[in-house]
Amino acid sequence: MTINTDLSLARLLRLASPVLPVGAFSYSQALEWVVESGRVHNYASAENWILDSFTLNLARCEAPVWLRLLQAWNENKGAVLNQWNDYFLASRESAELRAETVQMGRAMRTIVLRSNEFAPRFCKQLEAIEEPSYPSAFTAAISAWHIDARAALTVYIWAWAENQVVAAMKLVPLGQTDGQRLLAAITDHIPATLDAIFECGDDNIGALAHGLAIASAQHETQYSRLFRS
């Protein structure tokens, strides 16, 4: 059952808010390293990097797994939920990318457990996952609130994009107008990318962002940095 109400919209805005206490602001997902190395140095190069990260990484791996986690929550299939949670953790290609999703997942789990908004089965299942990924904990809230999958995934992608743009504004640096231009460019790609995500079969899940994996590993030993990834 999907409920489309003003309350659902308000809850999605809450999950997309930068004040959601999951620590997303402290991660750049290797953007800090590519700025340090000179690969990203202006608006055009920042746009290319972030769009590539979106289309080759998030859209090909994280988002399709996100959908399968949501389905597992909706169907109350704990074994399937654990399978896809483990798959996502294994797909993180550096120690810091794995640590990022676990830290954010645990923070999101805390929100679910302490807010007194969710049915006991969601809380018990989340508590049972030793290392919940962020998509696992996020989709628990979406399932419990009966929110439409496409709307919820749009918000999830938007929050990721906004965080990347804010990081680029600090690191490149970019001005506020360029930040809005960059968000507009990413937004234009979301509808068609969502179509591809929903059509993605299990055998086609997998990131193709080799440069992101290498940059993230390099960032782990970067001498001076602002971000945890």
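**Figure 1. A bend in helix α9 of a predicted model.** The bend at a residue is the angle between two axes, one fitted to the seven residues ending there and the other to the seven starting there. With that in hand, look at Ile190: α9 bends by about 40 degrees at this residue, and a proline, Pro191, follows within four residues. Please keep in mind throughout that this is a predicted model. Helix α9 covers residues 176-199, 24 residues in total. From its first C-alpha to its last, α9 reaches 35 Å, close to the 34 Å expected at 1.5 Å a residue.

**Figure 2. The buried residues of α9 and their partners.** Ile190, where the helix bends, is itself one of the buried residues of α9. The others are Gly179, Leu182, Leu183, Ala185, Ile186, Thr193, Leu194 and Ile197. Together, the buried residues of α9 pack against α3 and α8, the latter spanning residues 149-171.

**Figure 3. Leu153 and the largest nonpolar core.** This core holds 76 residues, and those that touch the most other members are Leu31, Trp49, Trp66, Met108, Ile142 and Leu153. Helix α3 gives the most to the core, with 17 residues. A closer look at Leu153 is worth your while: not counting residues up to four places away in sequence, Leu153 touches Ala63, Trp66, Leu67, Leu194, Ile197 and Phe198. Two of these partners, Leu194 and Ile197, are among the buried residues of α9.

**Figure 4. One buried face of helix α4.** Helix α4 has 14 residues, and its 20 Å reach from first C-alpha to last is close to the 20 Å expected at 1.5 Å a residue. Its buried residues are Leu81, Trp84, Asn85, Phe88, Leu89 and Ser91. Seen down the axis of α4, these buried residues fall within an arc of 160 degrees, so they line one face of the helix. An α-helix has 3.6 residues a turn, so residues three or four places apart point the same way. On the other side of α4, Ala79 and Ala90 are exposed. The buried residues pack against four helices: α3 (43-74), α5 (95-114), α6 (120-128) and α7 (134-144).

**Figure 5. Asn85, a buried member of α4.** Asn85 sits in helix α4, which runs over residues 78-91. Asn85 counts as buried because its relative accessibility is 2%, under the 20% cut-off. Leaving aside neighbours within four places in sequence, Asn85 is in contact with Leu69, Ile129, Glu131, Pro132, Ser133 and Ser136.

**Figure 6. Arg98 in helix α5.** Arg98 lies in helix α5 and counts as partly exposed, with 31% relative accessibility. Beyond its neighbours within four places in sequence, Arg98 is in contact with Leu89, Arg92 and Glu131. Glu131 is also one of the contacts of Asn85, while Leu89 is among the buried residues of α4. For a sense of scale, the C-alpha atoms of Arg98 and His41 are separated by 27 Å, with the two residues 57 apart along the chain.

**Figure 7. Cys61 and Cys200, two cysteines without a disulfide.** The count of disulfides comes to zero. Cys61 is in no disulfide, and the nearest cysteine sulfur, that of Cys200, is 9.1 Å away. Cys200 is likewise in no disulfide, its nearest cysteine sulfur being that of Cys61. A disulfide here needs sulfur atoms within 2.5 Å, so a 9.1 Å separation does not qualify. Cys61 is buried, with a relative accessible area of 2%, and Cys200 is buried too, with 15%.

Definitions and conventions:
Residues are numbered from 1 along each chain as its sequence is written. This is a predicted model: local features need pLDDT of at least 70, side-chain atom pairs count only at pLDDT 80 or more; totals for chains, interfaces and linings use all residues. Side-chain values use heavy atoms; hydrogens and water are left out. Helices (H or I, at least four residues) and strands (E, at least two) are DSSP runs, numbered from the N terminus. Buried means under 20% relative accessible area, exposed over 50%, partly exposed in between (1.4 Å probe, protein chains only). Contact means heavy atoms within 4.5 Å. The expected span of a helix is 1.5 Å times one less than its number of residues. The arc is that of the directions from the helix axis to the C-beta atoms. A nonpolar core is a set of buried Ala, Val, Leu, Ile, Met, Phe, Trp, Tyr and Cys residues joined through side-chain atoms within 4.5 Å.
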